[in-house]
Amino acid sequence: MVGRMIRSRGRERRLPIASHPSVLDEALRARTAPAELFEETEKGLRCTACAHACVFARGSQRTGACGVRFQQDGELRVPFGYVARTYVRPVETNTIYHVAPGTLSLTFGMYGCDLRCPYCHNARLSQALREGTSQEFPEDIGEDALVERALAAGCRVLCAAYNEPAIAAEWVRTVFERAKERGLLTAMITDGNATPEVLRFLRPVTDVYRVDLKGHSEEEYHALGGRLQPVLSGIRMAKDLGYWVEVVTLVVPAFNDDLRGLRSLATTLASIDPSIPWHLNAFQPRYRMRDRPATSAGALISAAGVAYAKGLRFVYVGNVDGTTSELSNTRCPSCHDVLIARRDWRAIEIATDPSRCSRCGAVIPGLWFASVTEPPRNPGELT
Ligand code: SF4
């Protein structure tokens with residue numbers, strides 16, 4: 001159920017967001033399809049799209065915690081056939097560094113989220129239903145038109161991002177199916193509150209699992225409305241299923257910037273696969289978290305040092321001023337030669353074949369050219 005948690009008579013309960021559905025809520029309820037990700041239980045339908053595992057009691061008109069999947073006339077209805085935004089930008093702006101560098105991606109987002117991070121970059125979309133905004137309205141679009149938009153803009157990658165794509169997994173899969181038929185790489189930019197069901201459901205048409213790892217403890221995740229364990233299990237399973245995985249941690253002062261916690265995350269990631277790229281990005285005050293400064297470059301550099309010490313081979317620092325731009329380059333983990341140089345979320349120099357270090361021959365993992373008909377062009381040629 002959507003709403004704000006309150007404590008009343010010693011117990012926590014959730015307030016509904018409004019007694020009257022907003023214009024946006026009504027518009028989204030008119031743009032749905034039957035769910036595929038659910039199972040029947042004794043208590044009613046259980047949604048399997050995210051780890052909240054909401055149960056919809058028989059006969060109820062309940063809405064899930066994400067605000068966009070709901071039961072109606074005994075059927076679970078899910079978002080379908082619209083976007084909230086699309087942007088064409090360098091693929092690196094999605095914090096994906098080992099996938100078709102220097103190419104463009106079309107990234108689309110929708111509305112709603114299964115988490116409620118107080119520092120969300122995209123709260124206008126992800127929290128639109130909780131905040132009751134009147135400024136938003138979906139754009140109707142079919143999967144063919146969305147893929148055509150990406151191709152017409154010269155994109156090589158199609159990304160589902162901005163809000164949590166798993167809560168609209170049926171729509172994402174439909175779009176990605178069409179994208180794969182047209183030769184695009186596909187990427188899910190997710191908060192990682194995943195289930196085995198949604199990871200298996202999307203894998204046949206999804207190449208990249210770019211996941212946020214927002215903290216090292218259940219306590220930190222509780223503050224965001226989620227749990228750590230499904231995120232870690234999801235990363236492990238995504239690797240096993242063959243997704244290309246990159247992990248992002250937004251390092252937030254006085255929330256998750258403790259070096260012991262970051263060391264613990266690095267240890268866990270290295271135990272899954274030391275070649276998983278780990279992006280340590282700076283927090284900027286925004287949305288409901290404006291009570292603390294931006295993350296310093298020094299804090300990120302210390303965290304990167306900890307990550308390398310724990311065995312991770314590709315660690316990146318982002319979202320801080322140019323003094324750390326060297327730390328957004330891809331280097332050979334053996335001889336440290338630069339294979340891809342980046343600045344301001346763009347690749348500015350790319351080795352002819354980034355899959356292998358031309359100096360020492362080390363293999364550099366990634367989806368460098370997969371599924372595209374020719375190697376990516378240099379960014380300067382993409383206009
Ligand atoms: S996707 Fe939505 S309805 Fe489904 S379990 Fe998650 S929060 Fe609940």
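Here is a walk through this structure, from the whole chain down to a few single residues.

Keep in mind that this is a predicted model, in which local features need pLDDT of at least 70, side-chain atom pairs count only at pLDDT 80 or more, and totals for chains, interfaces and linings use all residues. Residues are numbered from 1 along each chain as its sequence is written.

Let's start with the overall picture. The chain holds ten helices and 21 strands; helices (H or I, at least four residues) and strands (E, at least two) are DSSP runs, numbered from the N terminus. Its radius of gyration is 21 Å, close to the 21 Å that the globule rule gives for 383 residues, so the chain is as compact as a globular protein of that length. Here the radius is taken over C-alpha atoms, and the globule rule is 2.2 Å times the number of residues to the power 0.38. Along its principal axes, the C-alpha trace spans about 65 × 45 × 40 Å. Of the 383 residues, 48% count as buried. A residue is buried if 20 or more other C-beta atoms lie within 10 Å of its own, exposed if 12 or fewer, and partly exposed in between, with C-beta atoms placed from the backbone.

Now for the strands. Strands of a sheet pair through backbone hydrogen bonds, either parallel or antiparallel. In this text, two strands pair if DSSP finds at least two bridges between them. Take strand β15 (residues 208-212) as your starting point: five of its five residues are buried. In a regular strand the side chains alternate between the two faces of the sheet. You can follow that in β15, where Val-208, Arg-210 and Asp-212 point one way and Tyr-209 and Val-211 the other way.

What lies beside β15? Strand β14 (residues 185-190) runs parallel to β15 and is joined to it by four bridges, with Thr-190 standing opposite Val-211. Between these two strands comes helix α6 (residues 196-202), and β14, α6 and β15 make a right-handed β-α-β unit. Right-handed means that, with the strands pointing away from the viewer, the path from the first strand over the helix to the second runs clockwise. β15 also pairs in the parallel sense with strand β16 (residues 244-251), over five bridges. There, Val-208 stands opposite Trp-244.

Further along, you meet another right-handed β-α-β unit, made of β17, helix α10 (residues 297-309) and β18. Strand β17 (residues 278-282) and β18 pair in the parallel sense over four bridges, and Trp-278 faces Val-315 in β18. Both faces of β18 (residues 315-318) are covered: Val-315 and Val-317 on one side and Tyr-316 and Gly-318 on the other are all buried.

Next, look at two open sheets with antiparallel pairing. One has three strands in the order β3-β8-β7. Its edge strands, β3 (32-34) and β7 (70-72), each pair on one side only. Neighbouring strands of this sheet are turned by 45° against each other on average, direction ignored; such angles run from 0 to 180 degrees between N-to-C directions, and the axes are lines fitted to C-alpha atoms, for helices over the stretch in contact. β3 and strand β8 (residues 75-79) share three bridges, and Thr-32 has Pro-79 as its bridge partner. The other sheet also has three strands, ordered β19-β20-β21. Four bridges join strand β20 (residues 338-343) to β21, where Arg-342 is partnered with Ala-347.

There is a ligand to find, too. Residues around the ligand include Cys-47, Cys-50, Cys-54, Cys-66, His-52, Arg-69 and Asp-114; a residue is near a molecule if its C-beta atom, placed from the backbone, lies within 6 Å of it. By class, the shell has eight nonpolar, two polar and two charged residues. Ala, Val, Leu, Ile, Met, Phe, Trp, Tyr, Cys and Pro count as nonpolar, Asp, Glu, Lys and Arg as charged, and the others, Gly among them, as polar.

Finally, some backbone oddities. Most residues other than glycine have a negative phi. Asn-319, however, has a positive phi of about 75°. Asn-319 sits in the loop between β18 and β19 and is buried, with 21 other C-beta atoms within 10 Å. Trp-345, in the loop between β20 and β21, has a positive phi of about 65°. Trp-345 counts as partly exposed, with 16 C-beta neighbours inside 10 Å.
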